[in-house]
Each structure stands twice: as structure tokens, then as C-alpha cells.
Amino acid sequence: MARGGLHVLEVSNLHSAYGRIGVLKGVSLEVRTGEVVALIGSNGAGKTTLLRALSGVQPISSGEIRFLGARIDRLPPHRRVERGMTQAPEGRQVFGPLSVEDNLRLGAYMRRDGEIEQDRERVFAMFPVLREKRHLVAGGLSGGQQQMLALGRALMGKPKLLLLDEPSLGLSPILVDQILAAIVALKASGITVLLVEQNATAALGIADRGYVLETGRIALTGAAAALLSDPKVKAAYLGAD
Amino acid sequence: MAEFFQFLMSGLTVGAVYALVALGFTLIYNASDVVNFAQGEFVMLGGMVTVFVAAAGVPLPLAALIAVTVAVAVGLLLYWLAIEPARGAPAVTLIIITIGASILLRGAAQMLFDKQFHKLPSFSGDAPINLFGAAVQPQSFWVLGGAAVIVLLLYVFLERTVLGKAVLATAANRLAARLVGINTTTVMALAFGGSAAIGAVAGILITPITLTSYDVGTLLALKGFAAAMLGGMGNPLGAVAGGLLLGLLEAFGAGYLSSTYKDAFAFIVILVVLFAMPQGLFGRRVVERV
Ligand SMILES: Nc1ncnc2c1ncn2[C@@H]1O[C@H](COP(=O)(O)OP(=O)(O)O)[C@@H](O)[C@H]1O
Ligand SMILES: [Mg+2]
């Protein structure tokens with residue numbers, strides 16, 4: 001089997017900048033089929049920039065992105081969605097004036113198959129509160145509900161690789177657990193996940209492997225369990241002292 | 001009383017045109033954040049192209065269709081040649097670009113056509129219809145009906161089709177729109193094309209009443225912009241209400257106060273409203289960015 005067949009995502013030597021200020025300075029990482037990979041790092045490390053570059057909404061200056069074996073770094077965002085890479089962005093970014101149902105429908109914007117309804121039912125089964133509020137505008141939902149909606153909207157794109165940017169940010173511990181459980185369930189259903197988190201304990205707790213991003217470079221990588229017990233990771237990201 | 005209805009009907013008729021121009025502003029503004037001051041030129045193109053194509057012997061409905069097509073093509077060219085390349089530029093730069101485009105279009109119209117006023121025949125004759133003692137031109141009903149049909153079509157498009165919802169989504173959150181796979185460039189092009197079509201239809205409908213010339217777009221863009229501001233920039237229903245209100249203000253101001261100052265009068269009312277309510281009468285449609 002070709003090497004690309006095992007890898008959903010291969011990023012090599014990716015550079016990206018805001019104006020003259022370099023933010024990604026040669027990031028390389030890979031995500032294999034069926035994995036949950038955690039990407040941790042402190043605020044400002046470049047995690048969001050990396051996910052945006054993967055989705056094609058942040059320009060890159062050099063480097064390669066391969067998705068399912070094919071180069072995608074020149075493709076516009078909608079072509080990447082079409083190939084099966086979707087994202088629940090940082091800060092949820094729901095379509096505030098549109099209904100919950102419309103938000104979900106737009107998540108499936110690039111799809112032409114006939115299973116959009118079934119997938120919406122699946123999202124409703126996963127987050128029943130969204131079914132209850134399906135006709136309400138998304139802007140009126142609580143933070144936790146908006147996060148569920150953002151996740152559901154990304155799932156409606158039928159992703160092979162799901163990019164999640166800080167899904168636990170600003171949520172109560174109960175809601176964090178609910179979101180984490182949802183991610184575990186997604187993995188079980190065969191979706192590959194790249195999970196960005198500042199909440200390193202939570203992320204590494206459900207991940208297979210992890211990467212530590214420090215000021216635009218991968219500083220450390222390994223199995224999630226190994227990272228969790230790594231003294232450097234503990235000191236810097238796990239709040240242990 | 002007859003006088004009142006006379007003013008009411010003429011106010012609503014011209015207000016419907018302002019409403020359509022304001023709707024064009026709103027559509028483009030929502031999709032792209034651009035305030036398009038070339039909006040009035042679409043109205044001019046609608047009227048002028050119809051006049052000249054019809055004068056060449058083409059039946060009126062076909063001439064009108066050609067005019068709408070020309071306006072849409074101009075709208076798309078404006079987007080692709082002037083707006084899209086300046087993507088990411090500050091709002092003021094984009095406004096200056098649209099003002100430049102409107103000057104260019106006016107100059108081109110002056111050279112291609114002429115500097116005369118032109119009239120189109122009324123669509124169903126000129127025999128006035130008596131309404132509560134007021135003598136109303138049949139063309140007024142064409143203008144009001146046409147505006148109503150456009151508003152309805154736009155509503156159905158935005159609320160009932162996935163593509164329409166993609167337009168609303170782009171207006172609400174461009175980043176999220178791109179992340180779900182909406183090609184926001186296409187949506188913006190669609191907004192420019194749609195606005196051009198709406199403006200052109202307005203120009204065709206009103207020309208039998210107000211005449212047209214190469215430079216009617218300037219004042220119409222101002223009035224349409226004022227109407228959009230009055231209703232609350234970004235709100236389609238506000239645009240329609242603002243347009244009708246502006247038309248009524250002008251008609252009643254001219255009728256009961258002074259026709260010399262009808263433009264000034266309407267603008268003073270708008271300034272007062274905006275001073276008291278900076279968001280316009282209907283505010284901006286609430287967009288949550290969490
Ligand atoms: N739109 C922007 N313009 C300029 N600089 C930015 C922008 N967004 C992020 N940055 C900078 O890029 C760096 C990485 O940001 P980000 O990718 O958001 O980090 P993280 O998601 O890891 O917190 C930070 O120093 C941040 O200040
Ligand atoms: Mg971030």
C-alpha cells in the first residue's frame with residue numbers, strides 16, 4: 001500500500017505569515033486514518049493559523065499539504081471541503097441570524113448526495129438540544145449549544161478529516177465532557193480528527209497522538225500517553241507545578 | 001383629499017424606485033461590505049439601453065430584456081475588474097472605486113448615447129386612472145407592481161433556496177461561509193449581478209414617467225443610499241421601507257411645502273432621523289459574532 005494511503009493528512013514544512021510577521025515557521029505533521037491527533041500549544045503559538053491554512057482560508061508562503069495522498073495547498077477552500085476536510089472554527093462562528101436548521105443545511109453546502117436529511121438526524125441524535133431549537137436563530141443559542149452547532153455543521157459536510165479548533169473554549173466542565181464524548185464517538189464512527197486545544201489534559205486524554213506547537217514550530221510529538229507524562233509538557237501545558 | 005391621494009401615489013411610485021435602488025445597495029453591502037455608488041448607473045443603463053435598442057426597431061419587451069442583460073454584464077465586470085482585485089482594501093478605497101466606476105459609466109453612456117432626455121412609451125397607455133379623485137398614471141401601477149414582484153422574488157430566493165441562504169450566510173460570517181464550502185467570490189459576483197438587474201428593471205419601469213438621460217444615475221444613487229441608510233444599512237426590508245418613505249417625504253414636501261426644496265427637505269428629515277437613530281429606522285439586521 002502506498003504511504004499516502006495510510007495518511008489522511010501530511011503537512012510538510014508549512015510557512016505562513018500575517019504581513020511580514022511569520023507565524024508558521026516550517027510545520028510538519030501527519031494524521032493517519034482513524035486517528036484523533038491533538039495539537040496543543042499556548043495562546044498565540046499558531047494553532048488557529050495552521051488550521052486555517054489547512055482549510056485554505058489563510059494563505060501559505062511555502063510548504064505542502066497533502067490530503068488523502070493528493071496536494072491540496074493550491075485548492076480554494078470549497079474544493080477542500082468537497083474532498084472531505086471540514087472545520088469547526090475557533091469561536092464557533094455560527095451563522096447568527098440563520099436558524100439552527102439552516103446552519104446545518106449550509107454545512108452540507110457542497111454535497112450533492114441524497115443523505116443530507118439522515119445526517120441531520122444523526123446530528124440531532126448526537127445533540128438533542130439542537131433538534132429542540134432547530135427553528136431558532138443560532139445567535140440566540142448559549143455558548144455550549146453554539147459549539148454543538150458548529151460541530152454539527154462541520155459534520156454535515158461528511159468529513160473524512162474533521163478539524164476542531166478549541167471546541168472546549170469557554171464551556172463549563174459538563175459541556176466540555178459532552179463535547180469530548182462526542183469526539184470519541186466520532187472517532188468510533190471512523191472519522192479522523194485533528195483536535196486543537198489549549199486544554200491539553202482533555203485533548204491528550206482522548207487522542208492517540210499529539211503534537212506540541214511552540215511559536216510556529218513543532219516542538220514535541222509522540223503518543224498521547226507519553227506526552228501526558230512528559231515533564232516538559234506537564235510543566236508548560238498541563239498546569240502542573 | 002384628492003390632492004392627498006395624488007401626492008401619495010406619486011410619492012409611492014418614485015419611492016418604489018428608490019426602494020429598488022436601496023435594495024441593490026443592501027444586497028451588495030451584505031454580501032461584500034461594499035457600498036456601491038455605481039448603483040444608480042444600473043438604473044440609467046436599464047432606461048437608456050432600452051430606449052436606444054427600442055429605437056433601433058426592437059420590440060419593447062425584448063429591448064428591456066437586452067437592457068437588463070447589459071446591466072448585469074456591467075455589474076459582473078465591475079465586480080471582476082474593479083472590486084475583486086481590490087479585495088481586502090479598506091472600505092473607503094472600495095467606495096472610491098465604485099464612484100470612479102460610476103463616473104466612467106456615465107462618461108461612456110454620454111459618448112455611446114447622447115446628452116438628451118429620452119422617454120419610453122407607457123406600458124399600458126397614458127389614460128389616467130381615477131383613484132379617490134386622484135388621476136394616477138397607469139405606469140405607476142407598473143412601477144409599484146414591478147417593485148413588489150422583485151421584492152417577493154428576492155425574498156423567496158433568500159429564504160427558500162440553499163443558494164439564497166448561502167448569500168445570507170456570507171453576509172453573516174464570511175469566514176464560516178468559506179469554511180462550509182461556500183464560494184464567497186461567486187456569492188459576491190451574484191450580488192453584483194442581481195443588484196444590476198434590480199437597478200435596470202427600476203430604470204425601465206420609471207422611464208415612461210420621469211424620462212431618462214446619461215446622468216440620471218447620480219441623484220438616484222444618492223437617494224437610494226439615503227433610503228438604505230434611513231431604513232438601516234444591510235436590512236432588505238428596511239431598504240424598501242426607507243425608499244417608500246423617502247418618496248413620500250419628497251412628494252408631500254413638494255406638494256404641501258415647497259417643490260423647490262423637495263430634495264433638501266427629504267434629506268433634512270433623513271439627517272434628523274439618523275441623528276436620533278444612527279442605526280436607521282430598522283437597525284442593521286442583528287448579526288451575532290460570538
Ligand atoms: N489576523 C491576524 N493578523 C495579524 N496577526 C495575527 C492574526 N491572527 C493571529 N495573529 C498572530 O499570529 C500568532 C498566532 O495566532 P493563532 O494562530 O491565533 O494562535 P493560537 O491559535 O495558537 O492561539 C499570534 O501571535 C497572533 O497574534
Ligand atoms: Mg487559536
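**Exercise 1. Work out how helices α6 and α8 of chain B pack in this predicted model.**

Start with the axes: those of α6(B), residues 162–172, and α8(B), residues 184–210, come within 10 Å and cross at roughly 100 degrees. Angles of 65 to 115 degrees count as roughly perpendicular, so α6(B) is roughly perpendicular to α8(B).

Next, pick out the residues that touch. On the α6(B) side they are L163(B), A166(B), V167(B) and T170(B), and α8(B) brings T184(B), V187(B) and L190(B). Finally, sort that contact by class: you get 5 nonpolar residues, 2 polar ones and no charged ones.

**Exercise 2. Now do the same for α5(B) and α6(B).**

Axes again: α5(B) covers residues 138–160, and its axis comes within 5 Å of that of α6(B), with a crossing angle of roughly 85 degrees. These two helices are therefore roughly perpendicular to each other.

Then list the partners. From α5(B), take F157(B), L158(B), E159(B) and R160(B); they meet V162(B), L163(B), G164(B), K165(B), V167(B) and L168(B) in α6(B). Sorting this contact gives 6 nonpolar, 1 polar and 3 charged residues.

**Exercise 3. Describe the surroundings of ligand 1, then find its polar contacts and how much of it the protein buries.**

Step one is the shell. Ligand 1 is surrounded by Y18(A), V23(A), S42(A), N43(A), G44(A), A45(A), G46(A), K47(A), T48(A) and T49(A). By class, that's 3 nonpolar, 6 polar and 1 charged. Which helix gives the most to the shell? Helix α2 of chain A (residues 47–55) does, with 3 residues.

Step two is the N and O atoms, with a cut-off of 3.5 Å for a polar contact. A polar side-chain atom of Y18(A) sits 3.3 Å from a nitrogen atom of ligand 1. The backbone joins in too: an N or O atom of A45(A) lies 3.2 Å from a ligand oxygen, and a backbone N or O atom of G46(A) is 2.9 Å from an oxygen atom of the ligand.

Step three is the area. On its own, ligand 1 exposes 560 Å², and the protein buries 57% of that.

Methods:
Residues numbered from 1 in each chain as written. Chains lettered and ligands numbered in written order. Predicted model: local features only at pLDDT ≥ 70, side-chain atom pairs only at ≥ 80, totals over all residues. Heavy atoms only, no water. Axes fitted to C-alpha atoms, helices over the stretch in contact; angles between N-to-C directions. Helix = DSSP H or I, 4+ residues; strand = E, 2+ residues; numbered from the N terminus. Parallel < 35°, antiparallel > 145°, perpendicular 65-115°, else oblique. Contact = heavy atoms within 4.5 Å. Nonpolar A, V, L, I, M, F, W, Y, C, P; charged D, E, K, R; others polar. Near = heavy atom within 4 Å. Polar contact = N/O pair within 3.5 Å; in protein donor to acceptor, adjacent residues only side chain to side chain. Areas by Shrake-Rupley, 256 points an atom, 1.4 Å probe, with all protein chains shown as cover.
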